[in-house]
Amino acid sequence: MVNVCVFKTCWAARRIWEDSTAQEIERLQQAASELRAQLDCYQTPDWALQSFGEDTGRQALLPCASPRLRPLALISSPIITGATIDTRRTSPTYELRSWFSRHCFWCSVNPPDTILQPGVSLGECWPMEGQQGQVVIRLRAKIRPSCVTLEHITPEMTPSGTASSAPRDVAVFGLDAGSEEEVPLVSFTFDVGEGPTQTFLLKNNHSRAFRYIKVLVKSNWGHPRYTCLYRVQVHGKVVKTEDHRTAESLNG
């Protein structure tokens, strides 16, 4: 009887050990997969950048161009415009309502396209009206998005020592140009205690390509009047456009 009890105890302990080991292996594999995805993400251009340099354009176009179109890609990058804001589908900007601000000619509020430009110094942000809202970005090209990066100043950089106007709960969607369909890509929490720059992998399970990205802010860290977005980056791989395919067929 004692031997049976010892055997059962050892068997149960072994099963527990095997289960915990399997869970740990699965966790490590998932962490490694996310790390590889983040590394791939960092190697792709920021398609939400407003200014599009010639060198960046060449780097972005060459990987997707066929051998016949590579000479065209080398000379055509300057015609690609930078990212823009779809103001029709973007929340209103917070307006200064004090008497002083209304009569102060140098007091101005940054427009939404501030989030498409490098720079995260104090005040280099777009103040969105309220604790909830959205911004829709027209990317520089139609891409298969892989990750999105949000930037905000640290609490130590603010006069109050807090970051109550920073976004908190955020959702990202892919949009098509001629459709109202919104494809959910990821939901996350921007933790102000985790650093000023945070990257989140997108769940683009169907590998769909989008020209528009919607960033929906569901809440901020407590500021009652506005939410500040400093910079939004969208990374991914460009897809061949209809123009590329047409040119390829004509050359064929």
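This report describes the confidence, strand pairing, salt bridges, cysteines and selected buried residues of a predicted model.

## Model confidence

The protein has an average pLDDT of 77, and 66% of the residues score at least 70. Confidence is highest in strand S4 (residues 169–175), at a mean of 97, and lowest in helix H5 (residues 242–251), at 41. Over residues 54–79 the pLDDT is below 50, and this stretch has 35 contacts in the model beyond near neighbours in sequence. Residues 99–107 also have a pLDDT below 50, with six contacts in the model beyond near neighbours in sequence.

Where pLDDT is low, the predicted coordinates should not be read in detail.

## Strands S4 and S5

Strands S4 and S5 run antiparallel and are joined by seven bridges. The connection from S4 to S5 is a hairpin of six residues. Within the pairing, aspartate 169 stands opposite threonine 189 in S5.

Strand S5 (residues 182–189) also contains leucine 185. Leucine 185 has a relative accessible area of 2% and is therefore buried. The C-alpha atoms of leucine 185 and leucine 201 are 8.7 Å apart in space, while the two residues are 16 apart in sequence. In a regular strand the side chains alternate between the two faces of the sheet.

## Salt bridges

A search of the whole structure finds six salt bridges. In one of them, the side chains of glutamate 151 and arginine 231 meet at 3.8 Å, N to O. This pair links distant parts of the chain, with glutamate 151 in strand S3 (residues 133–151) and arginine 231 in strand S9 (residues 231–238), 80 residues apart. Glutamate 151 and arginine 231 are both buried.

Arginine 208 takes part in a salt bridge with aspartate 176, at 2.8 Å, N to O. Here arginine 208 lies in the loop between strand S6 (197–201) and strand S7 (210–217), whereas aspartate 176 lies in the loop between S4 and S5, 32 residues apart in the chain. Arginine 208 is classed as partly exposed because its relative accessible area is 26%. The side chain of arginine 208 also meets that of glutamate 181 in a salt bridge of 3.3 Å, N to O. That pair again links distant parts of the chain, from the loop between S4 and S5, which holds glutamate 181, to the loop between S6 and S7, which holds arginine 208; the two residues are 27 apart. Glutamate 181 has a relative accessible area of 39%, so this residue is partly exposed. Elsewhere, Asp46, Glu151 and Arg231 are joined into one network by salt bridges that share partners.

## Cysteines 125 and 228

The structure holds zero disulfides. For cysteine 125, the closest cysteine sulfur is that of cysteine 228, at 3.4 Å, which is too far for a bond. The same 3.4 Å separation applies from the side of cysteine 228, whose closest cysteine sulfur is in cysteine 125. The pair is not counted as a disulfide because the sulfur atoms would have to lie within 2.5 Å.

Cysteine 125 is buried, since its relative accessible area is 7%. Cysteine 228 likewise counts as buried, at 7% relative accessibility.

## Threonine 227

Threonine 227 lies in strand S8 (residues 226–229). Its relative accessibility is 0%, so threonine 227 counts as buried.

Two polar approaches involve the side chain of threonine 227. A polar atom of this side chain lies 2.9 Å from the backbone oxygen of glycine 130. A polar contact of 3.0 Å also joins the side chain of threonine 227 to that of asparagine 220. Leaving aside neighbours within four places in sequence, the residues in contact with threonine 227 include Trp126, Pro127, Met128, Gly130 and Gln131. Ser165, Ala166, Pro167, Val217 and Asn220 are also among the contacts of threonine 227.

Conventions: Residues numbered from 1 in each chain as written. Heavy atoms only, no water. Helix = DSSP H or I, 4+ residues; strand = E, 2+ residues; numbered from the N terminus. Buried < 20%, exposed > 50% of the residue type's maximum accessible area, 1.4 Å probe, protein only. Polar contact = N/O pair within 3.5 Å; in protein donor to acceptor, adjacent residues only side chain to side chain. Contact = heavy atoms within 4.5 Å. pLDDT = per-residue confidence, 0-100. Salt bridge = Lys/Arg side-chain N within 4 Å of Asp/Glu carboxyl O. Pairing = 2+ DSSP bridges.
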